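Good morning, colleagues. Please look at the structure on the screen while I go through its main features.

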Amino acid sequence: MIQISETAAKKIRTLMAKQGIDEGGLRVGVKGGGCSGLSYTFAWEKEPRTGDEVFEENGAKIFVDKKSYLFLKGTTLDYDTALLTQGFVFHNPNAKQTCGCGSSFGA
């Protein structure tokens with residue numbers, strides 16, 4: 001399971017509304033690259049793809065492909081509202097190391 005904090009869900013809903021997306025959610029994934037070996041990816045999707053894991057919490061949905069889910073299982077998606085570090089934050093128990101900016105990790 002992947003949890004979506006109330007703050008992250010609110011931001012997802014706000015950003016979807018700004019882009020005129022009424023249905024769908026945020027695609028969250030993992031790809032090779034970044035300073036720690038793997039990096040997080042984001043994309044807006046109107047619907048899940050075949051085989052996706054779908055998580056809905058606090059009025060927001062995220063879609064995760066099966067391969068990415070292996071690295072994200074047990075993660076909480078949060079949103080940092082601090083002025084200098086604003087953005088989505090992954091609290092990923094599978095990350096053995098993370099980079100300073102938090103956008104990549106090693107498993």
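I begin with a salt bridge, in which the side chains of Glu45 and Arg27 meet at 3.3 Å, N to O. This pair links distant parts of the chain, since Glu45 belongs to strand β3 and Arg27 to strand β2, residues 25-32, with the two positions 18 residues apart in sequence. Please bear in mind that what you see is a predicted model.

Are these two partners buried or exposed? Glu45 has a relative accessibility of 16%, and it therefore counts as buried, the cut-off being under 20%. Arg27 is buried too, with a relative accessible area of 7%.

Arg27 has a further partner. It forms a salt bridge with Asp52, and here the closest N and O atoms are 2.4 Å apart. Arg27 lies in strand β2 and Asp52 in the loop between β3 and β4, so this pair ties together parts that are 25 residues apart in sequence. Arg27 and Asp52 are both buried.

How many salt bridges does the model hold? The count comes to four. One of them joins Glu53 to Lys66, with the closest N and O atoms 3.1 Å apart. Glu53 sits in strand β4 and Lys66 in helix α2, so the pair ties together parts 13 residues apart in sequence. Glu53, at 25% relative accessibility, counts as partly exposed. Which residues do shared salt-bridge partners join into one network? They are Arg27, Glu45, Arg49 and Asp52.

I turn now to the aromatic residues. The count of aromatic pairs comes to five. One of these is formed by Tyr40 and Phe90, which are stacked at 3.7 Å centre to centre, with 5° between the planes. Tyr40 is in strand β3, residues 38-45, and Phe90 is in strand β7, so that the pair links distant parts of the chain, 50 residues apart. Both of these residues are buried.

Next come Phe55 and Tyr69. Their ring centres are 5.6 Å apart and their planes stand at 25°; the cut-off for stacking is under 30 degrees, so the pair is stacked. Phe55 lies in strand β4, residues 53-57, and Tyr69 in helix α2, residues 66-72, so parts of the chain 14 residues apart in sequence are tied together. Phe55 is buried, as is Tyr69. In addition, Tyr40, Phe42, Tyr79, Phe88 and Phe90 form one aromatic cluster.

Tyr79 and Phe90 bring us to a sheet. In which order do its three strands lie? The order is β1-β6-β7, in an open sheet with mixed pairing. The edge strands are β1, residues 3-4, and β7, each of which pairs on one side only.

Let us take the two pairings in turn. Strands β1 and β6 run parallel and are joined by two bridges, with β6 covering residues 76-80. In β6, Thr76 is the bridge partner of Gln3, and Leu77 stands opposite Ile4. Strands β6 and β7, by contrast, pair in the antiparallel sense over five bridges. Asp78 stands opposite Val89 in β7, and a hairpin of six residues joins β6 to β7.

Why might side chains on one strand face in opposite directions? In a regular strand, side chains alternate between the two faces of the sheet. Strand β6 shows such an alternation: Leu77 and Tyr79 point to one face and are buried, whereas Thr76, Asp78 and Asp80 point to the other and are not. Helix α1, residues 6-18, lies across β1, β6 and β7, and runs at about 70° to β6.

Beyond this sheet, I would draw attention to Ala95, found in the loop between β7, residues 87-91, and β8, residues 97-98. Ala95 is partly exposed, with a relative accessible area of 21%. Its C-alpha atom is separated by 9.6 Å from that of Thr75, and the two residues are 20 apart along the chain.

Finally, a word on confidence. The protein averages a pLDDT of 87, and 85% of the residues score at least 70. Where is confidence lowest, and where is it highest? It is lowest in strand β9, residues 104-106, with a mean of 54, and highest in β1, at 98.

Thank you for your attention.

Notes. Residues numbered from 1 in each chain as written. Predicted model: local features only at pLDDT ≥ 70, side-chain atom pairs only at ≥ 80, totals over all residues. Heavy atoms only, no water. Helix = DSSP H or I, 4+ residues; strand = E, 2+ residues; numbered from the N terminus. Buried < 20%, exposed > 50% of the residue type's maximum accessible area, 1.4 Å probe, protein only. Pairing = 2+ DSSP bridges. Contact = heavy atoms within 4.5 Å. Axes fitted to C-alpha atoms, helices over the stretch in contact; angles between N-to-C directions. Phe/Tyr/Trp six-rings, centres within 6.5 Å; stacked < 30°, edge-to-face > 60°. pLDDT = per-residue confidence, 0-100.
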